[in-house]
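This report describes the strands, helices and pockets of one protein chain. The sequence and the structure are shown first, and the description follows.

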Amino acid sequence: MSRHLMPFGATVLDGGHTFFRLWAPQHEHVALALAPPGGAEQQHAMTRSASGWHQLVRDTPVGSRYTFLLADGRRLADPASRSNPDGVHGTSEVIDPARYRWRHAAWPGRPWHEAVICEVHVGTFTEAGTFAAAAERLPDLAATGFSAVELMPVAAFAGERGWGYDGVLPFAPHAAYGTPDDFRAFVDAAHALGLMVFLDVVYNHFGPEGSVLHTLAPEFFRHDHTTPWGAALNFD
């Protein structure tokens with residue numbers, strides 16, 4: 001079992017509960033709009049701390065959809081979403097990463113001097129353009145002599161296809177490529193063949209479309225310095 005706990009987003013707890021946590025210091029009131037699989041949506045007021053964290057614990061089945069509802073009626077996806085099945089403008093999904101059963105959890109990796117890396121764009125590597133289809137091609141890479149696969153950015157971005165450098169949900173794999181479990185299965189299949197997996201990541205900006213952090217927390221950005229994708233992140 002592998003599970004990365006985060007201090008924000010939707011964290012599945014024991015007993016069927018989920019801890020929702022959002023940093024939105026510019027907003028006094030935020031509600032959670034939550035719908036279980038196949039059920040009707042309900043809205044729940046969140047508790048705000050002095051530092052601008054809004055949080056709530058609810059009984060929540062895995063697979064439930066949710067958004068954050070602002071006082072002016074705007075609905076926003078979770079900026080720390082682990083899955084947005086309908087794209088970055090859609091609802092976020094409650095994901096339990098511990099449910100995936102790794103077949104090769106004990107794989108020890110390989111030393112760096114053995115790295116022969118093939119860079120892969122999931123959307124164009126196969127006709128289907130998915131994690132599952134890419135996994136089927138991994139034996140070809142291993143047979144060719146590669147020992148590692150580097151994936152171009154897979155964080156969710158606006159639209160269906162693209163390079164991935166305009167990602168806006170850094171913890172959610174792009175929906176057109178597949179589900180989080182499809183991504184895990186890709187890594188699992190690579191390890192079965194002795195292939196390391198590297199990720200090309202973008203942590204210095206967000207894409208120009210779909211980022212909700214500008215609305216929730218403008219303090220996250222610097223407005224005296226811009227990038228081709230908008231305001232720069234405030235690393236200070």
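Two strands are taken to pair if DSSP finds at least two bridges between them. The model discussed here is predicted.

**Hairpins**

With that criterion, β3 and β4 form a hairpin with 6 residues between them. In its turn, Gly 38 has a positive phi of about 75°. Strand β3 covers residues 30-35 and strand β4 residues 42-45; the two run antiparallel and are joined by 4 bridges. Within this pairing, Ala 31 of β3 stands opposite Ala 45 in β4.

A further hairpin is formed by β15 and β16, with 2 residues between them. Here strand β15 (residues 221-227) and strand β16 (residues 230-233) run antiparallel and are connected by 4 bridges. Phe 221 has Leu 233 in β16 as its bridge partner.

**The antiparallel sheet**

Strands of a sheet pair through backbone hydrogen bonds, in either a parallel or an antiparallel manner. An open sheet with antiparallel pairing is built from 4 strands in the order β1-β2-β6-β5. Its edge strands are β1 (9-12) and β5 (47-48), each of which pairs on one side only. The pairing of β5 with strand β6 (residues 53-59) is antiparallel and extends over 2 bridges. Thr 47 finds its bridge partner in β6 at Gln 55.

**The parallel sheet and its helix**

Another open sheet has 3 strands in the order β10-β11-β14, and its pairing is parallel. β10 (117-120) and β14 stand at the edges with a single partner strand each, so one side of each is left without a neighbour in the sheet. On average, and with direction ignored, neighbouring strands of this sheet are turned by 25° against each other. β10 pairs with strand β11 (residues 148-151) in the parallel sense over 4 bridges. Ile 117 stands opposite Ala 148 in β11. Helix α3 packs on this sheet, where α3 touches β11 and β14. The direction of α3 makes about 140° with that of β14.

**Packing of α2 and α3**

Helix α3 also packs against another helix. Two packed helices are described by the angle between their axes and the distance between the axes. Helix α2 (residues 131-144) and helix α3 (residues 180-192) pack at an angle of about 5°, and their axes lie 9 Å apart. Angles under 35 degrees count as roughly parallel, and α2 and α3 are therefore roughly parallel to each other. On the α2 side, the contact is made by Phe 131, Ala 134, Ala 135 and Leu 138. On the α3 side, Asp 182, Phe 183, Phe 186, Ala 189 and Ala 190 take part. By residue class, this contact comprises 8 nonpolar residues, no polar residue and 1 charged residue.

**Pockets**

Rolling a probe the size of a water molecule over the atoms shows where empty space is left. The table sets out the volume and the lining of two pockets.

| Pocket | Volume | Lining residues | Division of the lining |
|---|---|---|---|
| Largest pocket | about 1,300 Å³ | 47 residues | 34 nonpolar, 7 polar, 6 charged |
| Second largest pocket | about 220 Å³ | 17 residues | 7 nonpolar, 5 polar, 5 charged |

In the largest pocket, the lining residues nearest the centre are Met 6, Pro 170, Phe 171, Ala 172 and Tyr 203. At least two residues of this lining are supplied by each of β2 (17-23), β13 (169-173), α3 and β14 (196-199). The largest share comes from α3, with 5 residues.

In the second largest pocket, Glu 93, Ile 95, Thr 179, Pro 180 and Asp 181 lie nearest the centre. There α3 gives the most to the lining, with 3 residues.

**The place of α3**

Which strands does α3 touch as it packs on the sheet? They are β11 and β14. Helix α3 also packs with α2. In addition, α3 provides the largest share of the lining of the largest pocket and gives the most to that of the second largest pocket.

Conventions: Residues are numbered from 1 along each chain as its sequence is written. This is a predicted model: local features need pLDDT of at least 70, side-chain atom pairs count only at pLDDT 80 or more; totals for chains, interfaces and linings use all residues. Side-chain values use heavy atoms; hydrogens and water are left out. Axes are lines fitted to C-alpha atoms, for helices over the stretch in contact, and angles run from 0 to 180 degrees between N-to-C directions. Angles under 35 degrees count as roughly parallel, over 145 as roughly antiparallel, 65 to 115 as roughly perpendicular and the rest as oblique. Contact means heavy atoms within 4.5 Å. Ala, Val, Leu, Ile, Met, Phe, Trp, Tyr, Cys and Pro count as nonpolar, Asp, Glu, Lys and Arg as charged, and the others, Gly among them, as polar. On a 1 Å grid over the protein atoms alone, a cavity is a set of points where a 1.4 Å probe fits but cannot get out, and a pocket is an open set with protein on both sides within 12 Å along at least five of seven lines; lining residues have an atom within 4 Å of a point. Grid points are joined across faces, edges and corners, and a volume is the space filled by probe spheres set on the points.
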